[in-house]
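Reader: Please take me on a close look at the charged side chains of this model and how they pair up. I would also like to see how that part sits within the rest of the fold.

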Amino acid sequence: MNDSFGDFNATQTATAGATKEASGEGIISLLVKQIIDSPEGNFKMFDVTYALVCAVGIVRNIETSSTKITYSLEDHSGRIDAHYWLEEGDAIKSPDVMINNYVKIYGSVRSQAGQKVLMVFKLINVLDPNEVCTHILEALHSRYKAEEYHVKGDTSAAASNTLMTNVTATQSNAIVAGLDSKQLAVFQAIKSNCSEEGIHRRELNAKFSHISQAEMNNILDFMISEGHIYSSIDADHFICTM
């Protein structure tokens, strides 16, 4: 098995930054009970649909088959199954996870046989117990910020500002380890931008004049597909997911 900080499972890659009415945008930190109690389809809070959710909990059980690995994830609010789908010969690349250890899961919400499940895009071992407390605070913050933006009628800002992913430097380096030098340079430029709406494609083209516009578009599309970045207020503004 490889390190659990690996890239999103290629068979489950989401298109981040899609329209609010379609596949949602952004990532929201949640407790398990919020996921279980959510309506059908992608997770929605105060009229904003999110592409991905983030949950932290203890792995209580692991079941492995030829096509998927199912993790039973539990926090203080409930328990939910999370499916990590395998491609042929992908078993050796599955996350290295142990029962009764904490993990952080990024995934999409689906219903199976009347029960909510998570489709895992990325699974990270939680190495610092402070991350568990931090995640609970992020889930509360996400909830109240979503309500605040709903009252103001600014749902697009809600989607871009409820991204709550706090990973350690070691985890962050491991997650982006698969990027080449150009991709990593663009990633760092996006990550260093502190604006709420993210960095504009035009600014990236100007900053990296040695990279053609077509190659820049390919780099951005690749990092979106791998879950390293997502588009925020429109298709030309980008925010880092870590």
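**Salt bridges and their setting**

Author: Arg-79 has a relative accessible area of 44%, so this residue counts as partly exposed (buried is under 20%, exposed over 50% and partly exposed in between, with a 1.4 Å probe and protein chains only). Before we go further, this is a predicted model, in which local features need pLDDT of at least 70 and side-chain atom pairs pLDDT 80 or more, while totals for chains, interfaces and linings use all residues. Numbering starts from 1 along each chain as its sequence is written, and side-chain values use heavy atoms, without hydrogens and water.

Back to Arg-79: Glu-74 is its partner in a salt bridge, with 3.3 Å between the closest N and O atoms (the rule asks for a side-chain nitrogen of Lys or Arg within 4 Å of a carboxyl oxygen of Asp or Glu). Glu-74 is partly exposed because its relative accessibility is 23%. The pair does not stand alone, since Arg-60 joins Glu-74 and Arg-79 in a network of salt bridges. In total, the rule gives a count of eight salt bridges.

You may like to put two others beside that network. Asp-37 pairs with Lys-33, and here the closest N and O atoms are 2.9 Å apart. Lys-33 is partly exposed, at 44% relative accessible area.

The other is formed by the side chains of Arg-201 and Asp-236, at 2.8 Å from N to O. This bridge ties together distant parts of the chain, 35 residues apart: Arg-201 belongs to helix H6 (residues 201-207), and Asp-236 to the loop between E10 and E11 (helices, H or I with at least four residues, and strands, E with at least two, are DSSP runs numbered from the N terminus). Its two ends differ in cover: Arg-201 is buried because its relative accessibility is 16%, whereas Asp-236, at 30%, is partly exposed. That loop, between strand E10 (229-231) and strand E11 (237-240), also holds Ser-232. Ser-232 is buried, with a relative accessible area of just 3%.

Now for the fold around these pairs. The protein chain contains seven helices and 11 strands, and 49% of its 242 residues are buried. Among contacts (heavy atoms within 4.5 Å) with a separation of 6 or more, 65% are between residues 24 or more positions apart.

The largest nonpolar core has 26 residues, and Ile-35, Phe-43, Val-53, Ile-105 and Leu-118 have the most contacts inside it (a core joins buried Ala, Val, Leu, Ile, Met, Phe, Trp, Tyr and Cys through side-chain atoms within 4.5 Å). Two or more residues of this core come from each of helix H1 (32-36), strand E4 (52-64), strand E5 (68-75), strand E6 (78-85), strand E7 (102-112) and strand E8 (115-125). A second core, separate from that one, has 17 residues, including Ile-211, Ile-219, Ile-224 and Phe-238.

Phe-43 is a good residue to click on: leaving aside residues up to four places away in sequence, it touches Ile-28, Leu-30, Gln-34, Ser-38, Val-48, Thr-49, Tyr-50, Val-53 and Val-109.

Two backbone angles may also catch your eye. Asn-100, in the loop between E6 and E7, has a positive phi near 70° although it is not glycine. Asn-100 is partly exposed, at 48% relative accessible area. Ala-113, in the loop between E7 and E8, also has a positive phi, near 55°, and counts as exposed because its relative accessibility is 86%.
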